Structures are given as structure tokens and as C-alpha cells.
Amino acid sequence: MSTDASDAGIPREPIVLLTGASGYVGGRLLPLLARQPGRVRCLARNPEKLRRLASDNVEIVQADVLDPDSLQKALQGVTTAYYLIHLMSGSNNFEEQDRQAATHFAAAAKAAGVQRIVYLGGLGDDSDPDLSPHLRSRHEVGKLLRESGVETIEFRAGMVIGAGSLSFQLMQSLTDRLPVMICPRWLTTKTQPIAVEDVLSYLLAAKDLPPGESRTFEIGSHDTATYADLIREYARQRGLRRWLIFVPVLTPYLSGLWLALVTPSTYEVGRHLIEGLKNPTIVQDPSAQQAFSIRPVGIKEAIQQSLAGEKTD
Ligand SMILES: NC(=O)c1ccc[n+]([C@@H]2O[C@H](COP(=O)([O-])OP(=O)(O)OC[C@H]3O[C@@H](n4cnc5c(N)ncnc54)[C@H](OP(=O)(O)O)[C@@H]3O)[C@@H](O)[C@H]2O)c1
């Protein structure tokens, strides 16, 4: 691929690469990036899905993070690359695939001279021997990106609250459809979810951080709750009366009942997310508060914003 402008002695416009633009978080980040100076390049397995979003400053390129050859071209001329991908859908071996994808992406970014990778992963305590495969894999992806030598800004978030976020949708569909819920004890696990608007603010701000070492920021709303509290608050705001009955473990049978409420296309991802509910996902490192001026809203407000967003959609 030609480096046309720079070959002619004209400074190149910075290109921001966005992966996951067909997904929940990436799809919401794209219009915000497109409003900023410079060009945005979306990397997609199926560019047709995004064709309608192309504009003067937004281009779509075909690439697959599991295909290293396709990445070279996609990363050419890129200064900042957003990695907003997971491979949990339709994969029996998502940990291995996520590992391969991050390794390929990191190597291609290094070779292309990318200055910064911004990645959104998951909260969870690395020293917890019972960390779910999903959360373990999210952390491993961050490590692999950093090890490339490209400066990597990793955000670790719990559930993203917003209309269309799969983890939040899981909670919504359960609460909307089950007046009485049989719940495993670990629904009393502590969590610190975050409103999607706040996640987007962090992702955008990461692009303009001064250059430095790779950094990891734990992000979450300013209050903590249990998953059961989230269900109760969501039900309260929707005007639903719900009863939660706790049982010691969620047997495969009960887990299957829960997942029966999820659409077939999201079944696999839902299964992995539910496994992670047993792990506390709370912010332990306050450094995001010092590095950014963003002050995330509380859980109540995040749910309110999400319900308002649903109406607008
Ligand atoms: N949503 C949440 O609650 C939440 C919470 C914490 C952290 N996060 C993190 O945020 C990031 C984005 O999550 P999300 O909720 O936006 O996920 P999502 O809606 O499921 O989107 C996943 C994206 O990954 C892309 N993708 C999958 N395999 C690919 C491949 N081989 N090559 C290129 N692209 C591929 C998908 O593209 P296709 O259209 O081609 O499938 C899709 O755009 C993830 O790292 C996730 O762990 C999300």
C-alpha cells in the first residue's frame, strides 16, 4: 500500500484504527471518533456490515485478526489503534483464539509503527485462582498487547450498562421475563459496572494522553453493588415486582433455564459471561481518577441513561 502523502513530502493525516466497529462498544465509539480531526479506519471481517458508515473521513477495510496477512495493510499509517474485540461468539476455544488474535494484532501494530493501542478488557483480580476463563483471557490479551512494545492503554471494566450491551441485556432479559428468579448465591458478588457513555469518554481521552509507558486503568461507576442489587434497581425503574430466591449453586439445569432467555446468536457469549459472575469485579486501583477528569455516574443513573437510550433508539 502506498504511503502517498508522506512520499510526496506532505505530512500524513493521523489515522485512527477502530476494530470492533460492528460491535457494541466500537459501534458507539465510531461516530465520536469521526467527529474529531483526522481519519478513521474501521477494520471489519465483513465490511459490508459497515459500508453505510463510510464517509469522507471514515474508511472501511477488510481484515480478520486471526489472519496476520490481512492486518499489515489495515495498520499501515495508523497512529492509534483501538482493540475492541473478543472472540467468544461461535468459538469452543475462545481463549486460544483470543491469544492468537492479540498476538497477531500486536505484532502487526509494532511492524507498522503504531504509537498507541487502546484496549478495553475486563475487571477482576489476577491473583484469584477462580478467575473465570473469560476474565483471565481478557487480562491475557492486555498483557500480549503490551508485550509487543507498542504503548498500550488497557481499561478494565465490569458490566457496561447501556442499551444493547450484551452483559446488561442478559440481566435485562432475565428481569423482564422472570417474576420469580432462582438465583445462585454468587449473585451476591460485588460488582462496579459502568455506563457506556463513561466508557466512551475514557476511550476517547486515552487517545490524547501524553506519551509514556503502557498503563492499565480500572474503571467503574462511583458505587458498588451486587448483581442482585442491579436486578432489583432495574426492576424498580421499570416498575416490575420481582422475587429473588437464592440457591447455593447454579446447576447446569438452572443455568440452562437462564440461558434459554438469551437469543441463540448470543448463547455462547452469554454462557461465558455468566461463568464470570462469581468473580468480584470492583475497582481496586484508583489511578484512573488521577489520570483523567472523567467522573463516572452511579449505577442508578447509568440504568436511567440506558432506559432513556432504549426509548430514543
Ligand atoms: N459489553 C460489555 O459489557 C463489556 C464489559 C467489559 C469489557 N468489554 C470489552 O469491550 C470490548 C468490546 O466488547 P463489545 O461488548 O463491544 O463486544 P461485541 O459487541 O460482541 O463486539 C465484538 C466485536 O469483535 C469483532 N470480532 C470478533 N472476531 C473478530 C475477528 N476475528 N476479526 C476482527 N473482528 C472480530 C466483531 O466483529 P464481527 O461483526 O465481524 O463479528 C465485533 O465487532 C471487548 O474487549 C470486551 O471484552 C465489554
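**View 1. A cavity of about 40 Å³ is the largest one in this predicted model.** The rule behind that statement works on a 1 Å grid over the protein atoms alone, where a cavity is a set of points at which a 1.4 Å probe fits but cannot get out. Grid points are joined across faces, edges and corners, and the volume is the space filled by probe spheres set on the points. Rolling a probe the size of a water molecule over the atoms shows where empty space is left. The count comes to 1 cavity of 30 Å³ or more. Its lining, meaning residues with an atom within 4 Å of a point, is made up of V16, L33, Q36, P37, G38, R39, V40 and K207.

A word on conventions before moving on. The model is predicted, with pLDDT of at least 70 needed for local features and 80 or more for side-chain atom pairs, while totals for chains, interfaces and linings use all residues. Residues are numbered from 1 along each chain as its sequence is written, and side-chain values use heavy atoms, with hydrogens and water left out.

**View 2. The whole chain shows 12 helices and 13 strands.** These elements are DSSP runs numbered from the N terminus, with helices being H or I of at least four residues and strands being E of at least two. Of the 313 residues, 51% count as buried, a label for those under 20% relative accessible area, whereas exposed means over 50% and partly exposed lies in between (1.4 Å probe, protein chains only). Contacts here are heavy atoms within 4.5 Å. Among contacts with a separation of 6 or more, residues 24 or more positions apart account for 78%.

**View 3. Strand β1 has both of its faces covered.** In a regular strand the side chains alternate between the two faces of the sheet. On one side of β1 you will find I15, L17 and T19, on the other V16 and L18, and all are buried. That fits the tally for β1, with 5 of its 5 residues buried. Two strands count as paired if DSSP finds at least two bridges between them. β1 pairs with β2 in the parallel sense over 5 bridges. Here I15 stands opposite R39, and V16 stands opposite V40. Strand β2 itself spans residues 39-44, and 5 of its 6 residues are buried.

**View 4. Strand β4 pairs with β1 and also with β5.** The pairing of β1 and β4 is parallel, over 4 bridges, and V16 has T80 as its bridge partner in β4. β4 and β5 (residues 116-122) likewise pair in the parallel sense over 4 bridges, with I117 in β5 as the bridge partner of A81. Strand β4 covers residues 78-83, and 6 of its 6 residues are buried.

**View 5. Look closely at T19, which lies in strand β1 (residues 15-19).** T19 has a relative accessible area of 0%, so it counts as buried. A polar atom of its side chain lies 2.7 Å from the backbone oxygen of Y82. Leaving aside neighbours within four places in sequence, T19 is in contact with L43, Y82, Y83, L84, I85 and F105.

**View 6. Helices α5 and α8 are each followed by a glycine with positive phi.** Helix α5 (residues 133-147) has 15 residues and reaches 21 Å from first C-alpha to last, close to the 21 Å expected at 1.5 Å a residue. The expected span is 1.5 Å times one less than the number of residues. Its buried residues include H134, L135, R138 and L145. Just after α5, G149 takes a phi of about 95 degrees. Helix α8 (residues 227-238) has 12 residues and reaches 17 Å, close to the 16 Å expected. Among the buried residues of α8 are Y227, I231 and Y234. Just after this helix, G239 takes a phi of about 70 degrees.

**View 7. Two further residues to visit are S173 in helix α6 and I182 in strand β8.** S173, within residues 166-177, is buried because its relative accessible area is 15%. The backbone oxygen of L170 lies 3.2 Å from a polar atom of the S173 side chain. I182, within residues 180-184, counts as partly exposed because its relative accessibility is 33%. I182 and L244 are 62 residues apart in sequence and 6.2 Å apart in space, C-alpha to C-alpha.

Definitions and conventions
Polar contact = N/O pair within 3.5 Å; in protein donor to acceptor, adjacent residues only side chain to side chain. 1 Å grid on protein atoms, 1.4 Å probe; cavity = no way out; pocket = protein on both sides within 12 Å on 5 of 7 lines; lining within 4 Å.
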